[in-house]
Amino acid sequence: MRTPLTLRILRSTPRAGWIALAIFAAVAWICVPVAHAVLPEGHALHLSAYIVSLLGKILCYMVVAVAMDLIWGYAGILSLGHGLFFALGGYAFGMYLMRQIGRDGSYGADLPDFMVFLDWKELPWYWAGSDSFLWSLFLVVAAPGLVAFVFGWFAFRSRIKGVYFSIITQALTYAAMLLFFRNETGFGGNNGFTDFKRILGYAITSPGMRATLFALSAALLVATLVIGRYLVASRFGRVLAAIRDAESRVMFIGYNPLHYKLFVWTLSAVLCGLAGALYVPQVGIINPSEMSPATSIEIAVWVAVGGRGTLVGAVLGAGIVNLAKSWFTVSFPEYWPFFLGFLFIAVTLYLPDGVVGLWRRLGARRAVVPAAVEGVKPATGPCGEPAPAQSEFEPIAKGAQA
Amino acid sequence: MSGVMEWERNAVADEQRGNFSGNASGAHVVREGELDLSHNVILYLDDITVSFDGFRALNGLSLAIDAGELRCIIGPNGAGKTTMMDVITGKTRPDSGKAFFGQTIDLTRLTEPQIAHAGIGRKFQKPTVFEQHSAFENLELAMKADKRVRRTLFAQLFDDDRDRIAEVLVQIGLAHEADRPAGLLSHGQKQWLEIGMLLMQEPKLLLLDEPVAGMTDDETARTAELFVSLAGKHSLVVVEHDMAFVEALGGKVTVLCEGSVLAEGELAEVQDDPRVIEVYLGR
């Protein structure tokens, strides 16, 4: 008997994980919007626009981190160019935002300001349809997806692996950055897009719009986690991990690793693109620096800090590093790069499994003491990540004893 | 399940552009691409020659394995044992000679995955299992199924599959280790697990290259029991140096030397053959 897909999705995340997701969703969809948009300014529980945008931005980063973990933690492919897909999604939606400015720009023209400045008379062909919300949503998915698919097809078919793959992705995002820096490329050169006014006619700075964007970011994160959990708990996920550990053996038992890698690689890029599209209206700017190699390396640092191959670790890592970043860049701006470098070295040396690994180690130590605090569920993170392979799914034992 | 069958049908069609023949002659219906054991021979090698830069690794090798047989291949280093396996699995193309799987499948025309799909499984010397996965999951991944992305995404374990995996776990003596990560198994257990992974693919013919290398005596004895129990349902070709193991298997023995068959028969007969003693056992 086939189990319905919904039931299997439900089972792919343990109960504790669903509870954590439900609490998160309640906070993100009810508490934060109410605290920002309904409570008046000056109220003790009012959340400022700055805080809501900052948290919304971090939610987008978390999505990117989970997407990164899917390919790095599970398929063993380290991409140092994921910022490109994030930026492509951002630019795709940014085009729409630019068109929504209408005649409210500094030049009061139909064309976006930077085009007027360049003395362009009409929109380049690839801007066609950019005033349509649906078309830009399509582009948000298609642009990063297509670039990832084509690049992945050639890279994986040529069996480029390990550090070589990482270097090529780095080169790819760098090349894209140089391309987008050029004014002639038609994406605003090094200033990128900014000065956004509206989405679907609603003011982008209104509390309602901010709260909506925040809630959508949270929804994207929840969806990413649920899809990710389903994937890694399915046979597909086990094939991915097998490719990571012994690729030739996987081929030998009849799987084609190319298709598996390509699927998860493209999915990961699309998720990054969606995150980028939600990021841009919340921070109010997109420029080629998002494609700089350092940005992409930072994504890998988030995942390493949180703990690879756990999904929830990626969420934690992105949260911890970015909160630290916002505090550092305000208090000691010049020391942030040093701190980031130190963090990466320290995590690599002392916490190879990241924060989640540390949590599990502490959990394991606690479990040794009999009758340890049971309710805290040792050895699993907030999303209920199974610690070792055996707890992945219980029917194993059932099948083995049959 | 229909998807799986459709896929298999396609795969067979890919291999052989399936056609039917034999009706006119009044003989049994033969479908190309399907294993035909009507003459009770599962593997037939005739006058196979393979040279590498002038060195003749196989020199007019002829060999026939019966369906359900357990055959041991022995011979000194460089006798061509591994090259023979390579020819059977499509890794090496012979310069001349015939290699048939059953009556109809010409192995010299198929690629490696096609040969694996047709029902020949090979175990290499060094065991490679997925160390992070449990023994159960290793078998699950190896299981005969539609292995394309779309199917694997929505694949699920049915009771039949679980029973099949449990059965193989018992066969390879790992029923109590089902949930252990394969990386924590002993060397011998890893070898068994890999044999189990082969069995999950339901091959008709198993090629096993030095399966007991590095095993303890006890493990070797249990492996021999396993192979003897597999014979009949599967055909096995075992390349091995360990004479005690060959003796325990008790099947027919073929001695290879310098790329061709030197002697064939029961182990005792072969051991008494003066030529064999000279080239191999006597040293």
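**Exercise 1. Work out how strand 3 of chain B is paired with strand 4 and with strand 6 of chain B in this predicted model.**

Solution. Begin with strand 3 (residues 41–52) of chain B and follow its pairing with strand 4 (residues 55–66) of chain B: the two run antiparallel and are joined by 8 bridges. To locate this pairing in the structure, find Val50(B), which stands opposite Leu58(B) in strand 4. Next, look at the connection, where 2 residues lie between the strands, so that strand 3 and strand 4 of chain B form a hairpin; in its turn, Asp53(B) has a positive phi of about 50°. Finally, turn to strand 6 (residues 96–101) of chain B, which also pairs with strand 3 in the antiparallel sense, over 5 bridges. Here Leu45(B) has Ala99(B) in strand 6 as its bridge partner.

**Exercise 2. Describe the open sheet of 6 strands in chain B, and explain why one side of strand 8 and of strand 12 is left without a neighbour.**

Solution. First, write down the order of the strands, which is 8-9-10-5-11-12, and note that the pairing in this open sheet of chain B is mixed. Second, consider the edges: strand 8 (120–123) and strand 12 (260–265) of chain B stand there, and because each has a single partner strand, one side of each has no neighbour in the sheet. Third, consider the twist, since neighbouring strands of this sheet are turned by 20° against each other on average, when direction is ignored. As a detail, strand 8 of chain B pairs in the parallel sense with strand 9 (residues 205–209) over 4 bridges, and Arg122(B) stands opposite Leu207(B) in strand 9.

**Exercise 3. Characterise the side of chain B that touches chain A.**

Solution. Start with the counts: 33 residues of chain B are in contact with 29 residues of chain A. Then ask which helices take part; helix 3 (112–118), helix 4 (135–142), helix 5 (149–153) and helix 6 (159–171) of chain B each supply at least two residues of this side. Sorted by class, the side of chain B that touches chain A has 18 nonpolar, 7 polar and 8 charged residues.

**Exercise 4. Decide how the radius of gyration of chain A agrees with that of a compact globule.**

Solution. Chain A has 402 residues, for which a compact globule would have a radius of gyration near 21 Å; the value for chain A is 22 Å, and therefore the two agree. To complete the picture, chain A has 16 helices and 4 strands, and 44% of its 402 residues count as buried.

Note on methods: Residues numbered from 1 in each chain as written. Chains lettered and ligands numbered in written order. Predicted model: local features only at pLDDT ≥ 70, side-chain atom pairs only at ≥ 80, totals over all residues. Pairing = 2+ DSSP bridges. Axes fitted to C-alpha atoms, helices over the stretch in contact; angles between N-to-C directions. Contact = placed C-beta atoms within 7 Å. Nonpolar A, V, L, I, M, F, W, Y, C, P; charged D, E, K, R; others polar. Rg over C-alpha atoms; globule rule 2.2 N^0.38 Å. Buried ≥ 20, exposed ≤ 12 C-beta atoms within 10 Å, placed from the backbone.
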